[in-house]
Amino acid sequence: MPVFYSMRKLTNIVAVLGVALFLPLTIFAAGKPIKPEYPATKQITISSPGNPVGLVIGYLKGVVIKQLTIKGVNMLSPSGIFTGVSLQSGKGGTSYNSKPVSIRQEKNKTTISGIIYGDNDLQVNETWEFMTDSHKINWRITREYNNDAELDDTAFPKWSFNNTSTWTGGILDNGGMVWCKYLKGVNDTYGVHTGGVTLWNAKTGVGLRIKTQTGNGQTAARYSHSDKNEFTINHVVSDDELNQRYNLSRFVNGRELIFAPFKVHKGKVVVNYELAYVNYDKQYSRGKLPGIDAIAVRELLNTTARYGVVDSRITGGNGWLSNWKCMHEPFFAQIGMAVDDPNYTNNLSVTLDQERDEAIKPDGRVLSRWHNVQGDEMPGTYNKKTGYYEAMWGYTVDSQTGYIINVCEQFDVTGKIDWLKSHRQSCENALGWLIARDSDHNGIFEMMNNSRFDHTSSDWLDIVWASYENAFVNAQMYRSLVLWADCEQTLGDTEKAKYYSSLAAKLKTAFNKPIEDGGFWSAKAGQYVYWRDKDGSTHGDNMVTPVNFAAIAFGICDDPTRKKIILDNIEKRMQSEHLFHWPLCFDSFKQDEVSGGNWPFPKYENGDIFPTWGYLGIRSYAEYDRAIALKYIHNILQQYNKDGLSSQRYSRVTQLGQGDDVLSGICTTITALYSDIYGIRPKWNRMGLEPNMSPELNGTDFYYTLRDTAYRIRLSTGEYNLSTKGFAVSSKEDFGASQKGNHLSYYHLNKDSCILNIDATAKSINLTVNKWSSDKLSFTIKNPGRVKGEIKGLTPNSYYEITAGNAIKKVKTTNLGVLSSVWFSSGKLDIDLQRL
């Protein structure tokens with residue numbers, strides 16, 4: 001959502017220690033910090049043949065990693081990599097000023113012990129062990145505290161890289177990212193509760209992966225822009241999860257410390273860092289994407305899309321700069337589908353778990369937002385411990401549907417039945433809360449506000465006074481009901497599945513009625529209006545694009561004539577204004593329909609360009625006119641190359657970026673490239689392809705990983721190929737496929753209703769489906785040996801003639817339309833079925 005707010009400046013409270021601690025080459029002592037210099041003596045090199053990564057360690061006085069080289073290029077600043085601690089009293093120490101150390105070198109192993117620093121209050125004794133091979137360097141730090149203590153900070157260790165341009169950013173092992181260009185000011189700091197990171201430079205293709213593993217603690221990290229223009233990473237290892245120093249802030253301006261003081265206990269703490277070179281261009285390749293700027297796609301999905309991960313358990317569509325996440329956005333699982341990183345997927349699952357436990361009220365109401373500080377909430381709704389609250393602008397009812405849609409689509413990505421079961425009651429409660437809001441039983445669900453004169457919002461457009469019967473929310477509700485009905489069916493409750501399906505059907509009928517009959521369709525305006533006040537007046541006939549795109553994309557509008565009217569009109573307006581992306585509306589709301597922050601037109605939610613809902617536009621055009629869909633995909637990639645999409649929105653007048661609340665959701669046009677052009681449509685029990693290809697994209701070839709299985713996907717118009725180590729399937733139409741052992745299931749049109757099951761003796765199954773209808777099927781199996789086939793979805797109680805090579809036989813289907821047969825193949829077998 002576009003959070004409408006004024007950014008408050010945090011009070012500049014910086015302890016003397018917070019300023020001084022861990023400045024480069026700093027030892028803490030009474031008075032002015034001492035900055036020793038290391039001559040080029042007493043140093044050892046950690047390297048291994050074939051490994052592009054090497055370390056140079058200085059130990060003349062204390063110990064420090066002076067160089068971290070990749071292919072011979074040093075990535076570190078003179079500050080290097082070191083360890084240290086700081087107490088709240090200001091006392092502490094670093095490995096720079098440790099006592100003389102002992103070094104033992106063996107084959108591929110170097111041990112540095114006796115790294116002792118601190119004072120009587122707290123003394124630290126560390127051992128550093130390095131193991132090398134041709135692929136990685138393992139650095140194990142064993143730290144022993146001689147007392148219990150409360151640390152104000154720790155470097156465990158601190159890494160100082162040359163400057164903020166050394167790396168483009170870092171991909172975090174919670175699926176998020178740190179973008180160095182967002183650490184603009186000195187001591188701007190972003191902190192997360194995870195330690196692993198893959199640093200990369202998009203220009204050189206060089207990457208460095210730092211994996212973390214603790215023996216008896218938890219790892220966190222903060223990323224900062226130092227006063228020497230360095231890019232620094234400070235790892236922290238603690239017994240318990242760290243609290244934030246400033247409210248719930250994960251990002252702060254001008255402050256190096258972001259985590260609250262924490263306790264350590266007498267004894268040992270062990271952490272292991274695995275350092276490995278990453279060929280970024282190869283490892284993060286998006287494959288062969290003819291007609292598409294594949295580099296821009298890669299970078300957008302590794303930056304803008306991931307930026308919405310604020311921290312572990314906080315995955316959203318705003319971002320960490322503003323410390324905001326909104327529940328009333330239904331596209332997080334789709335972002336994860338396109339990012340294709342199990343870390344993002346796992347983090348979204350636990351995010352939804354946390355929201356289930358902390359953001360859903362007993363009556364099923366889903367709170368709308370998470371934020372680090374108070375100020376945007378309805379009075380009395382902000383939870384200082386969790387950060388969840390109701391937005392001050394009104395009850396955004398689409399947080400109900402956002403939660404449902406994300407859970408359902410996430411289930412299709414993960415395939416975890418037990419996880420879905422854990423959300424069953426909360427999803428039913430969230431749906432029930434909104435289902436109960438149909439007071440007149442007309443099938444359309446009502447908002448918490450009754451009129452534009454209430455001056456409150458009811459959805460994502462948070463300073464537009466949409467009320468009572470809201471078409472945008474109801475289109476999302478339709479999608480929620482359809483998806484959840486499928487989930488109930490999967491969980492085995494047919495009655496509930498029918499119940500939710502019936503509600504969806506009733507809503508669809510009511511929604512599509514003319515406005516004169518209580519629906520949302522305006523034949524005169526050629527569009528769906530936005531909302532109806534309780535007094536019966538209708539509002540928002542100014543072509544509100546999310547409303548009309550949602551109606552088409554979510555399937556509540558399936559009338560070809562209406563689709564054509566809407567989509568032709570929108571494209572005509574786009575061409576007349578030469579806009580690179582869709583605005584929220586084409587004409588102005590009336591002044592009494594919006595907050596003053598939306599006036600005069602075009603301004604903010606009253607006419608500016610918000611690409612956040614781009615995926616709905618791409619989905620709407622993908623089947624109607626793919627050229628138009630591709631045009632706006634190209635446009636958003638070109639805009640990314642200009643400015644990184646580092647804005648909340650774009651001015652309708654200048655088409656320049658505006659807004660401090662940079663939105664990660666601005667990436668959804670490209671997530672739709674994967675879901676609606678390439679047709680990546682996983683289901684909980686299979687991989688699915690439902691492409692909408694154009695000739696210019698022919699020859700698309702890339703790998704996609706789903707649930708630890710790498711699928712090779714090759715696409716051209718009318719020719720779709722999906723393969724793994726265990727099978728290869730090709731078809732001219734949409735399909736899904738799954739394999740277990742020697743069993744392959746083919747789902748025609750990616751539906752559960754038409755399935756071909758194949759059991760073969762061959763280790764790998766090669767299947768080509770040539771034709772599929774209820775009367776005639778044709779497919780080819782290119783495997784030698786015995787093949788058992790079972791086909792579901794045929795005409796019940798009917799005879800089919802099966803031709804398999806030279807063999808012909810007649811078989812009758814069951815009363816469920818199932819047919820079974822066994823064939824023998826010498827290597828290639830053509831099988832045809834014809835209903836008699």
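Which helix gives the most to the lining of the largest pocket? The points below work towards the answer, and they concern a predicted model.

1. The largest pocket has a volume of about 1400 Å³, and 47 residues line this space. Of these lining residues, Arg479, Arg681, Lys683, Glu690 and Lys751 are the ones that lie nearest the centre of the pocket.

2. When the lining of the largest pocket is sorted by class, 21 residues are nonpolar, nine are polar and 17 are charged.

3. Turning to the elements around the largest pocket, those that give two or more residues to its lining are helix 4 (332-339), helix 6 (398-414), helix 9 (471-490), helix 11 (545-553), helix 12 (560-577), helix 13 (614-622) and helix 15 (668-677). The opening question can now be answered, since helix 9 gives the most to this lining, with eight residues.

4. Two of the helices just named also pack against each other: helix 6 and helix 9 meet at an angle of about 40°, and their axes are 9 Å apart. Because angles under 35 degrees count as roughly parallel, and those from 65 to 115 as roughly perpendicular, this angle makes helix 6 oblique to helix 9. The crossing in which helix 6 passes helix 9 is left-handed.

5. Apart from the helices, the model has an open sheet of three strands in the order 24-25-26, with antiparallel pairing. Strand 24 (324-326) and strand 26 (388-389) stand at the edges and have a single partner strand each, so one side of each is left without a neighbour in the sheet. As a reminder for reading such sheets, strands pair through backbone hydrogen bonds, and they may do so in either a parallel or an antiparallel way.

6. Within that sheet, strand 24 is joined to strand 25 (residues 369-371) by three bridges, and the two strands run antiparallel. A reader who wishes to find this pairing in the structure can look for Trp324, which stands opposite His371 in strand 25.

7. Another open sheet of three strands has the order 27-30-31, again with antiparallel pairing. Its edge strands are strand 27 (469-470) and strand 31 (538-539), each of which pairs on one side only.

8. In this sheet, strand 27 pairs with strand 30 (residues 531-532) in the antiparallel sense, over two bridges. Here the residue to look for is Asn470, which stands opposite Trp531 in strand 30.

Definitions and conventions:
Residues are numbered from 1 along each chain as its sequence is written. This is a predicted model: local features need pLDDT of at least 70, side-chain atom pairs count only at pLDDT 80 or more; totals for chains, interfaces and linings use all residues. Side-chain values use heavy atoms; hydrogens and water are left out. Two strands pair if DSSP finds at least two bridges between them. Helices (H or I, at least four residues) and strands (E, at least two) are DSSP runs, numbered from the N terminus. On a 1 Å grid over the protein atoms alone, a cavity is a set of points where a 1.4 Å probe fits but cannot get out, and a pocket is an open set with protein on both sides within 12 Å along at least five of seven lines; lining residues have an atom within 4 Å of a point. Grid points are joined across faces, edges and corners, and a volume is the space filled by probe spheres set on the points. Ala, Val, Leu, Ile, Met, Phe, Trp, Tyr, Cys and Pro count as nonpolar, Asp, Glu, Lys and Arg as charged, and the others, Gly among them, as polar. Axes are lines fitted to C-alpha atoms, for helices over the stretch in contact, and angles run from 0 to 180 degrees between N-to-C directions. Angles under 35 degrees count as roughly parallel, over 145 as roughly antiparallel, 65 to 115 as roughly perpendicular and the rest as oblique. A crossing is left-handed if the near helix is turned anticlockwise from the far one by less than a right angle, and right-handed if clockwise.
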